[in-house]
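Please open the structure in your viewer and keep the selection tool at hand. The tour proceeds from one selection to the next.

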Amino acid sequence: MKQAFNKIVIALIFAFTCSQLSAQEVKYDTTARPGSFLKKIEEFKKEGITKKDFVFLGNSITAGTNWAKLLDLPNAKNRGISGDITFGVLERLDQVISGKPAKVFVLIGINDISRNIPDSLILRNYKNIISRIKTGSKKTKIYFYTLLPVNASFNKFKNHYGKDEHILWLNSEIRKLADKKVTVIDLYTHFIDGENHLKANLTHDGLHLKPEGYQVWAEVLKNGGYLK
């Protein structure tokens with residue numbers, strides 16, 4: 001009788017533990033796309049990409065400047081979509097690959113983090129982005145940026161704050177992606193303050209960059225010889 005009672009107790013504890021773990025699971029959505037997603041893709045399609053182009057691929061941080069003007073580079077093409085995630089980039093990547101551009105610069109992932117998409121899935125998507133470019137456009141040089149820090153003191157993008165460990169882990173993994181075809185550009189180190197936050201003078205909201213921030217970015221590209 002006692003043995004049967006013990007089994008019932010163990011079963012109840014197991015069931016309760018499982019229910020607690022299930023309740024603690026963080027939900028995430030990989031299918032969400034920005035409202036402007038399809039419209040932007042159509043605009044990009046009309047503009048087209050050539051073999052001489054340098055493509056800047058990413059989310060609102062990439063979309064937030066005129067790369068051709070900033071870099072004095074007429075063949076720079078902006079392929080940033082505000083709110084995009086790695087799954088969105090993969091969905092529209094063929095449009096970039098088909099043009100077989102000279103270079104592709106990729107900054108993506110902070111919105112994935114804000115949506116609680118697991119780091120392992122984000123990293124897998126990074127590798128898929130690289131693999132697909134390598135396969136579909138063999139002469140294209142790939143430049144992959146580390147993620148920028150954020151600054152919670154602005155109190156505007158709460159879903160992006162308090163997740164610095166995810167940024168740090170992904171950046172450590174991004175640095176490992178460097179090979180003969182992939183150049184890693186460590187943007188993160190150029191934008192952090194003494195407390196490892198995005199420098200307040202380079203952002204207007206703790207996430208996006210001011211013109212001064214893009215000037216820092218431009219200097220990183222020019223001084224690093226990445227635009228040659």
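Select strand β3 first: five of its five residues are buried, so described because buried means under 20% relative accessible area, whereas exposed means over 50% and partly exposed lies in between (1.4 Å probe, protein chains only). Strands here are DSSP runs of type E with at least two residues, and helices are runs of H or I with at least four, numbered from the N terminus. Show the side chains of β3. Lys-103, Phe-105 and Leu-107 point one way, while Val-104 and Val-106 point the other way, and all are buried. In a regular strand the side chains alternate between the two faces of the sheet.

Before continuing, note that this is a predicted model, in which local features need pLDDT of at least 70, side-chain atom pairs count only at pLDDT 80 or more, and totals for chains, interfaces and linings use all residues. Residues are numbered from 1 along each chain as its sequence is written, and side-chain values use heavy atoms, with hydrogens and water left out.

**The neighbours of β3**

Add β1 to the selection. β1 and β3 are parallel and are joined by five bridges; two strands pair if DSSP finds at least two bridges between them. Gly-58 stands opposite Leu-107 in β3.

Now add β4. Four bridges connect β3 with β4, and these strands also run parallel. Here Lys-103 stands opposite Lys-141 in β4. Four of the five residues of β4 are buried.

Next, add β5, which pairs with β4 in the parallel sense over four bridges. Locate Tyr-145 and its bridge partner in β5, Ile-185. With α8 also displayed, β4, α8 and β5 make a right-handed β-α-β unit. Right-handed means that, with the strands pointing away from the viewer, the path from the first strand over the helix to the second runs clockwise.

**Helix α7**

Select residues 119-136, which form helix α7. Its 18 residues should span 26 Å at 1.5 Å a residue (the expected span is 1.5 Å times one less than the number of residues), and the end C-alpha atoms are 26 Å apart, which agrees. Among its buried residues are Leu-121, Ile-122, Ile-129 and Ile-133. The buried residues of α7 pack against several elements, including β3 (103-107), β4 (141-145) and α8 (164-175).

**The aromatic rings**

Show every Phe, Tyr and Trp. The structure holds eleven aromatic pairs; rings of Phe, Tyr and Trp (its six-membered ring) pair if their centres lie within 6.5 Å, and planes under 30 degrees apart count as stacked, over 60 as edge-to-face and the rest as tilted. Select Phe-56 and Trp-67: their ring centres are 4.5 Å apart and their planes are at 5°, so the pair is stacked. Phe-56 belongs to strand β1 (residues 54-58) and Trp-67 to helix α4 (residues 67-70), eleven residues apart. Both Phe-56 and Trp-67 are buried.

Then select Trp-217. Which arrangement do Trp-67 and Trp-217 form? Their pair is edge-to-face, with 4.8 Å centre to centre and 75° between the planes. Trp-67 lies in helix α4 and Trp-217 in helix α10 (residues 211-223), so the pair ties together parts that are 150 residues apart in sequence. Trp-217 has a relative accessible area of 0% and is buried.

Finally, widen the selection to the cluster that ring pairs link: Phe-54, Phe-56, Trp-67, Phe-105, Tyr-143, Tyr-145, Tyr-214, Trp-217 and Tyr-226.

Conventions: Contact = heavy atoms within 4.5 Å.
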